[in-house]
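Please read the following account with the sequence and the model side by side. It goes from the whole chain to single helices and then to single residues.

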Amino acid sequence: MTGTNKLYYGDNLDVLRDHVADASVDLIYLDPPFNSNASYNILFKSPDGAGADASIEAFDDTWSWGPTASAALMDITESGNHALHVLMQAMRTAIGDNAMMAYLAMMAVRLVELHRVLKPTGSLYLHCDPTASHYLKLVLDAVFGPENFRNEIVWKRTGSHSDAAGMGRVHDIIFYYTKTASWIWNKSYQDYSETYIATHYRRSDIAGRRYRTDNVTAMGLSGGGYSYEWNGVTKLWRYPLDRMHQLHNTGRLHYTRTGTPELIRYLDEMPCVTLSDVWTGIPPLNSQAQERLGYPTQKPVALLERIVAASSNPGDVVLDPFCGCGTAVDAAQKLGRSWLGIDVTHLAVGLIEKRLREGYGDAASFETIGVPRDLASAQRLATDDPHQFQAWITLKLGGWPWMGGKKGGDKGVDGYFYYVGEGGKTETGVISVKAGANINPGMVRDLGGVMTRDGHRMGLFVCAAHPTRGMIDEANSHGLIQTEFGRFPALQCFTLAELFDGHHPRLPPLVSPNRRAPRVETRVSHQAGAQGALI
């Protein structure tokens, strides 16, 4: 596993148990759903900016109490961690069998596995908000031991704002634990606060460089100084005369009204502040941020770079078991670490693949595990889980699932694709996916009706089985559309067999509804010291 980047589709509990070895990971970052009834959503607009935001549900787990939560508690009892067993039973007595208890049970059993795969010198960062942070802290203490708690990091993720009731919520919590008393730590720094800069670096030179001045006299210093006249002022100076000439000739002296020299200290030459447990210098992603992919829970890559740089070294393995849109694996890739990412939706896995390939090109070498690789496995997915099949095939063909493949209420729409239409205008096509074997011309006719109803000029009927002659004739009856790239079928059928034979639907150039991932270069971070230390 070491040295190989892997992206897994599946339940992270199963993936951890089946694919990740004991003591094989150097750093874990996880940003799980914060509360009960939580959903991860993707919000995006069409490429031309028109229309209301559409919400694609990318993670939907009600965390309701049921057999899965009960099984998680039994797994905890059988894990041999008596402290965690006692804690979870006490929590169940206090909280009851509800959504919050289900959430904590399923988080606890996963944290046991994460502790197992972590190396003795490894670290774990758990990102959460106040909804469940007080409960999660107790669970982490039981799994890792309270003696291995290192910091409660407060990340100020946004500026002041007012909530509907009470004080504005502007921060998240990141719990930092290590597995043992000896862990990797690279001394890290953060920028000065704007308040400190405004009060201590009030002056700017002609080039706009901010600076402050410092005393150059030796008054009050032990060890004496150098007595001579400088600029008409005779004092005991801390520098010899030749050094004073050098400072003057290089523009490093500022003169007061009385002619007394002062040393110029430029802000951009000063060392940053040693990292504290309050992080204020990393703003959230705004709507214009280049790295923004449209994921509302997306964290800025600078936040993850700081964590990766501080608690791992180049070549180490970084794991994110709830990787969402992949910011942690992006930071690991950028800083020269190996990585493992896990997510439970085909939509998230597809987003991460897109992000890495657009951002790093051939440098992003990784293996995706758990997605169909051949016709037989794709047909199995279509049979076993038609809704996941819809999401997978839609993404595979360059489209976007309707509401992440949410069941029901789709009005005949399983997905959309965006293409360059006539005159270079971005237009929207509609996708219908049929995973079953029983397909007929009426289904293609229904898609044509959806196109007419919603004003789409192009439609794509995707099926796991081979279409009948009547279906093909029905699709062909819709004729062709004209674009600057040529003529294309207005409605066409496309099969799994064609996909795995290397064919693609006949479509104009497609446009991503989300901003392209920025092109980045792999590098070693300068935010932390170059050499890791075992604390």
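What percentage of the 535 residues in the protein do buried residues make up? The model is a predicted one, and in it buried residues account for 49% of the 535. The protein contains 15 helices and 28 strands. Its accessible surface comes to about 24800 Å², and carbon and sulfur atoms hold 50% of that area. Among contacts with a separation of 6 or more, 68% join residues that lie 24 or more positions apart.

Two helices illustrate the buried part. Helix 8, residues 301-311, has ten of its eleven residues buried, so it is largely enclosed by the rest of the structure. The buried set includes charged side chains as well as nonpolar ones: Glu 305 and Arg 306 belong to it, and so do Leu 303, Leu 304 and Ile 307. Val 308, Ala 309, Ala 310 and Ser 311 are also buried.

Helix 9, residues 327-334, is mostly covered, with eight of its eight residues buried. Among them are Asp 330 and Lys 334, along with Ala 328, Val 329 and Ala 331. What do the buried residues of helix 9 pack against? Their partners are helix 8, helix 10 (346-360), and three strands: strand 2 (25-30), strand 18 (317-320) and strand 19 (338-343). Just after helix 9 comes Gly 336, which takes a positive phi of about 75 degrees.

Another buried charged residue is found in helix 4, residues 99-117, where Arg 110 has its place. Arg 110 has a relative accessibility of 9%, and because buried means under 20%, it counts as buried. Apart from neighbours within four places in sequence, Arg 110 is in contact with Asp 11, Asn 12, Leu 13, Leu 16 and Phe 322.

The next site is a loop. Gly 399 sits between helix 12 (386-396) and strand 21 (400-401). Is Gly 399 buried or exposed? Its relative accessible area is 2%, so Gly 399 is buried. Leaving out residues up to four places away in sequence, Gly 399 touches Thr 394, Tyr 416, Phe 417 and Ile 431. Phe 417 is 18 residues from Gly 399 along the chain, yet their C-alpha atoms are separated by 4.3 Å.

Tyr 416, one of the residues touched by Gly 399, lies in strand 22, residues 415-420. At 22% relative accessibility, Tyr 416 counts as partly exposed, whereas Gly 399 is buried. Beyond neighbours within four places, the contacts of Tyr 416 include Gly 399, Trp 400 and Trp 402. Further contacts of Tyr 416 include Thr 428, Gly 429, Val 430 and Ile 431, as well as His 456. Ser 432 is 16 residues from Tyr 416 in sequence, with a C-alpha to C-alpha distance of 8.8 Å.

The last stop is a pair of helices. Helix 13 (residues 441-454) and helix 14 (residues 469-476) pack at an angle of about 20 degrees, and their axes are 8 Å apart. Angles under 35 degrees count as roughly parallel, so helix 13 is roughly parallel to helix 14. The crossing of helix 13 past helix 14 is right-handed. From helix 13, Pro 441, Val 444 and Arg 445 make the contact; from helix 14, Gly 470, Met 471, Glu 474 and Ala 475 do. By type, the residues of this contact are four nonpolar, one polar and two charged.

Methods. Residues are numbered from 1 along each chain as its sequence is written. This is a predicted model: local features need pLDDT of at least 70, side-chain atom pairs count only at pLDDT 80 or more; totals for chains, interfaces and linings use all residues. Side-chain values use heavy atoms; hydrogens and water are left out. Axes are lines fitted to C-alpha atoms, for helices over the stretch in contact, and angles run from 0 to 180 degrees between N-to-C directions. Helices (H or I, at least four residues) and strands (E, at least two) are DSSP runs, numbered from the N terminus. Angles under 35 degrees count as roughly parallel, over 145 as roughly antiparallel, 65 to 115 as roughly perpendicular and the rest as oblique. A crossing is left-handed if the near helix is turned anticlockwise from the far one by less than a right angle, and right-handed if clockwise. Contact means heavy atoms within 4.5 Å. Buried means under 20% relative accessible area, exposed over 50%, partly exposed in between (1.4 Å probe, protein chains only). Accessible areas come from the Shrake-Rupley method with a 1.4 Å probe; for residues, only the protein chains shown count as cover.
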